[in-house]
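Here is a chain to read at the bench. Some short questions and answers follow.

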Amino acid sequence: MYCLRFVWIHCRYPNPSAFTYERRLFRPFEYALQPPPWYKKDHVAVNKPEVPSGVPELKQYDGPQCYIIPGNHDWFDGLNTFMRFICHKSWLGGWFMPQKKSYFALQLPKGWWVFGLDLALHCDIDVYQFKFFAELVKEQ
């Protein structure tokens, strides 16, 4: 049986601040599933995805994963807080976050895909996202 580990789409309403991210996003996830004991809250992930120790590559990681699409309120500060709390960290509670950018593509079983598009404040993707998804479609 195939199972999509976890995809979470959440708006950090009403503003993207360290307080709202910590209180309204991170804390509930930490209450539900604690991060690994070796996780350091202030750690910045430099070479994402930093897979857990003992796991040679992301495809072999069997734990829960989380991917996040920024909402319009995340763009109030130019996506800075989103990048700092989501793309530069590796854990949301006990959920592993391999996401490096504000957009992503997840391959599902049986030829299905999930595209997480970041429409920013203009309801459109930028040229970097277009190139990423266009190249992915050509390859797959």
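A residue counts as exposed when its relative accessible area is over 50%, and as buried when that area is under 20%. The model discussed here is predicted.

Q: Is cysteine 123 buried or exposed?
A: Cysteine 123 lies in the loop between β4 (113-116) and α3 (127-139). The cut-off for exposed is over 50%. Cysteine 123 has 66% relative accessibility, so this residue counts as exposed.

Q: What is phi of cysteine 123?
A: Most residues other than glycine have a negative phi. Cysteine 123 is a residue other than glycine, yet its phi is positive. The value is near 55°.

Q: Is leucine 79 buried or exposed?
A: Leucine 79 sits in the loop between α1 and α2. Its phi is positive, about 75°, although it is not a glycine. The cut-off for buried is under 20%. With a relative accessible area of 6%, leucine 79 is therefore buried.

Q: Which residue does a cis peptide bond join to lysine 48?
A: Most peptide bonds are trans. At lysine 48 the bond is cis, with omega about 0°. The partner lies in the loop between α1 and α2. That partner is proline 49.

Q: In what order do the elements of the protein chain run from the N terminus on?
A: The protein chain has three helices and four strands. Two helices come before the strands, and one helix follows them. The order is α-α-β-β-β-β-α.

Q: Why is the protein chain as compact as a globular protein of its length?
A: The globule rule gives 14 Å for 140 residues. The C-alpha trace spans about 40 × 40 × 30 Å along its principal axes. The chain is as compact as a globular protein of that length because its radius of gyration is close to the rule, at 15 Å.

Q: Which residues of the largest nonpolar core touch the most other members?
A: This core has 14 residues. Both α1 (18-32) and α2 (80-87) supply at least two residues of it. A second, separate core has five residues, including Tyr39, Val55, Trp91 and Phe96. In the largest core, the residues that touch the most other members are Leu25, Ile68, Ile86 and Leu92.

Q: What percentage of the exposed area do carbon and sulfur atoms supply?
A: Of the 140 residues, 37% count as buried. The protein chain exposes about 9000 Å². Carbon and sulfur atoms supply 58% of that area.

Methods
Residues numbered from 1 in each chain as written. Predicted model: local features only at pLDDT ≥ 70, side-chain atom pairs only at ≥ 80, totals over all residues. Heavy atoms only, no water. Core = buried A, V, L, I, M, F, W, Y, C linked by side-chain atoms within 4.5 Å. Buried < 20%, exposed > 50% of the residue type's maximum accessible area, 1.4 Å probe, protein only. Rg over C-alpha atoms; globule rule 2.2 N^0.38 Å. Areas by Shrake-Rupley, 256 points an atom, 1.4 Å probe, with all protein chains shown as cover.
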